[in-house]
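Reader: Before we discuss the interface and the charged pairs, could you show me the model, so that each term can be set against its criterion?

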Amino acid sequence: MSLTTRFERSAATSEPALIKALILCLSLSFFGVFLLLPLLSVFTEALHKGVIYYFNAITEPDTWSAMQLTLLAAAIAVPLNLIFGVAASWAITKFDFVGKHLLITLIDLPFSVSPVIAGLIFVLVFGAQGWFGSWFLDNDLQIIFAVPGIVLATIFVTFPFVARELIPLMEAQGREEEEAAAVLGANGWQTFWYVTLPNIKWGLLYGVILCNARAMGEFGAVSVVSGHIRGYTNTIPLQVEILYNEYNYVAAFAVASLLALLALLTLIAKSYVEWRLKKETNAPSAIEGTI
Amino acid sequence: MKINLKTLPIVILFSLGLISASAAQTVLLNVSYDPTRELYQDYNKIFIEHWKKTTGENLSVKQSHGGSGKQARAVLDGLDADVVTLALAYDIDILAEKNLVAKDWQKKFKDNASPYTSTIVFLVRKGNPKGIKNWNDLIKAGTQVITPNPKTSGGARWNYLAAWAYALKQPNGTAATAKEFVKKLFANVQVLDSGARGALTTFAERGIGDVLIAWENEAYLAVKELGPDKFEIVTPALSILAEPPVAVVEKVSTRKNTKKVATAYLEYLYSAEGQEIAARHYYRPRNPKIAAKFAGQFAKLQLVTIDEVFGGWQQAQKTHFNDGGIFDQIILK
């Protein structure tokens with residue numbers, strides 16, 4: 001290959017063929033046993049009573065409403081986190097202000113907190129025994145054990161995805177282009193729309209894809225605030241657990257296969273976006289390389 | 001795959017519409033424990049019909065299921081239950097303590113507010129290879145027992161108390177011999193799952209243990225769902241009368257203006273129709289006529305109640321399951 005570098009050709013930095021093959025086999029078999037096999041078993045289990053049974057299982061009313069709720073939660077959480085993520089990374093990378101590091105740390109908070117704790121936080125704050133619980137109940141507003149609670153929990157756990165993706169990217173791109181736009185007389189919105197956004201669009205999309213996958217797949221936090229009301233507050237992952245606990249193994253795996261399909265689609269979309277991202281960020285570095 | 005920011009307000013409006021739409025109709029929420037799902041699914045259909053016939057009102061009933069203690073906790077935290085149908089009285093007592101249900105809730109409906117009863121039986125592998133017939137077979141060396149943890153599971157508390165009651169009713173039985181008996185029993189327990197369904201999965205799916213101590217209705221359901229060729233039910237000579245209680249959540253139903261229909265919902269469980277559905281789902285009916293009709297379905301055994309042996313749930317909970325109680329003492333080997 002023309003891409004072979006000095007690094008790869010040097011005897012000091014390359015391995016004998018045997019070790020290469022050994023490492024490759026090891027990682028492939030690990031991949032097969034721990035990732036591919038479980039994934040395949042989900043689909044074989046889901047389909048082993050036939051395609052008609054499969055479709056009946058996934059169009060059952062409670063499962064259907066679980067799908068709607070999952071889509072709804074993602075449809076609210078992802079755009080909100082998109083706006084927040086762009087705003088936060090814009091603020092963090094283009095401006096200097098006091099408390100910047102604190103903000104970065106806070107953005108990471110949902111990553112470091114266990115999802116169960118995240119759910120309990122909302123129960124403690126909005127629950128009937130919580131801080132604001134009685135106020136909400138007096139005004140007939142149901143937050144936890146209802147759709148708003150599920151949306152809140154989903155927003156919380158998917159909070160960092162967009163911002164975490166954009167901050168390093170925007171930091172690497174620097175502020176020169178925005179400064180040039182400002183010098184040429186662009187206002188803030190124009191700068192964002194014509195200069196920043198085109199630069200970050202693939203990174204942004206990458207963040208959104210990850211955010212969406214997590215929003216749809218979240219179990220722990222949502223389980224705590226759901227209340228498990230059938231046909232109303234169960235999301236797809238919760239529905240899988242319920243079906244499994246009711247000896248309805250085929251239906252459980254059928255619904256689980258939907259989540260697995262989502263994961264596969266996410267992977268494909270992610271690889272495509274990654275490839276585009278690499279192509280765009282490689283362009284300037286290629287120029288640097290020739291100097 | 002471009003995200004259009006203009007659609008965001010529409011999405012939010014749509015979601016608000018969805019929330020308010022679900023609030024507009026008369027909806028009851030029945031918060032129940034794990035094994036009653038199939039029972040209430042059938043019962044709800046019949047009650048909705050009955051309600052429509054007698055009042056002309058359209059009604060829908062939502063269900064939520066989980067471990068009994070966990071469900072009580074959720075109602076305490078604001079789960080919008082109009083009625084609770086739980087595994088044991090102690091869990092409703094907690095709600096009464098916080099004024100969510102009436103203090104005298106057990107007097108609001110007949111038979112200690114338990115429209116159906118159940119008991120504790122054994123589920124063994126086909127052919128009963130260890131020859132298990134009664135409670136004393138469970139403490140033999142080499143018998144592996146599966147039961148959930150009484151600290152977290154309502155069903156497991158019934159299991160534990162049934163074993164205690166058996167030991168106490170033996171000739172020369174005292175509290176000391178009963179304690180020794182349950183200590184030996186729990187020494188044979190291989191896995192303490194947190195709930196009844198988890199314990200069943202351990203026994204049936206993972207194939208661990210010789211005997212599962214379980215709800216009678218859960219055992220029948222398991223045999224029906226997982227195959228009579230794999231398991232059989234052994235009914236001991238003596239067991240405990242489990243009375244899963246029901247109550248109207250006054251605080252919620254008053255606010256939602258559903259108290260009348262909620263009361264009717266629980267009342268109708270005592271009707272011939274309600275009792276028949278309970279019996280079909282392997283709960284023992286209270287109504288003598290229906291009980292006679294299904295007599296062949298349930299094995300005869302001596303049943304003792306928690307009030308006569310343990311002085312009620314409050315007392316049983318305090319002596320046996322609270323921190324430092326007898327269960328904590330026997331589990332420390």
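Author: In this predicted model, seven residue pairs, both members at pLDDT 80 or more, are found in polar contact across the interface of chain B and chain A. The rule finds zero salt bridges across that interface.

Reader: What makes up the side of chain B that touches chain A?

Author: At least two residues each come from α1 (8-24), α2 (37-55), β2 (60-66), α3 (68-76), α8 (196-204) and α9 (216-226) of chain B, and α1(B) gives the most, with seven residues. By residue class, this side of chain B divides into 16 nonpolar, eight polar and 12 charged.

Reader: How many residues does each chain bring to the contact, and how much area do chain B and chain A bury between them?

Author: The contact takes 36 residues from chain B and 31 residues from chain A, and about 3,000 Å² is buried between the two chains, 66% of it on carbon and sulfur atoms.

Reader: Why is the pair of B:Arg73 and B:Asp77 called a salt bridge?

Author: The N to O distance between these side chains is 3.3 Å, and the rule asks for a side-chain nitrogen of Lys or Arg within 4 Å of a carboxyl oxygen of Asp or Glu, so the pair qualifies.

Reader: Which of the terms buried, partly exposed and exposed applies to B:Arg73, and which to B:Asp77?

Author: B:Asp77 has a relative accessible area of 10%, which is under 20%, and therefore counts as buried. B:Arg73, at 46%, lies between the cut-offs of 20% and 50% and is therefore partly exposed.

Reader: What makes B:Lys140 and B:Asp137 a salt bridge, and is B:Asp137 buried or exposed?

Author: Their closest N and O atoms are 2.8 Å apart, within the 4 Å limit, so the term applies. B:Asp137 is buried at 10% relative accessibility, whereas B:Lys140 is partly exposed at 45%.

Reader: How do you know that the salt bridge of B:Arg286 with B:Glu243 links distant parts of the chain?

Author: The closest N and O atoms of this pair are 2.7 Å apart, while the two residues are 43 residues apart along the chain. B:Arg286 sits in the loop between β11 (284-285) and α13 (288-293) of chain B, and B:Glu243 in the loop between β9 (238-242) and β10 (246-248) of chain B. B:Glu243, at 14% relative accessibility, falls under 20% and so is buried, whereas B:Arg286 is partly exposed at 24%.

Terms used. Residues are numbered from 1 along each chain as its sequence is written. Chains are lettered from A and ligands numbered from 1 in the order in which they are written. This is a predicted model: local features need pLDDT of at least 70, side-chain atom pairs count only at pLDDT 80 or more; totals for chains, interfaces and linings use all residues. Side-chain values use heavy atoms; hydrogens and water are left out. Contact means heavy atoms within 4.5 Å. Buried area is the accessible area (1.4 Å probe) that two parts lose on being put together, summed over both. A polar contact is a pair of N or O atoms within 3.5 Å; within protein, one must be able to donate a hydrogen and the other to accept it, and residues adjacent in sequence count only if both atoms are side-chain atoms. Helices (H or I, at least four residues) and strands (E, at least two) are DSSP runs, numbered from the N terminus. Ala, Val, Leu, Ile, Met, Phe, Trp, Tyr, Cys and Pro count as nonpolar, Asp, Glu, Lys and Arg as charged, and the others, Gly among them, as polar. Buried means under 20% relative accessible area, exposed over 50%, partly exposed in between (1.4 Å probe, protein chains only).
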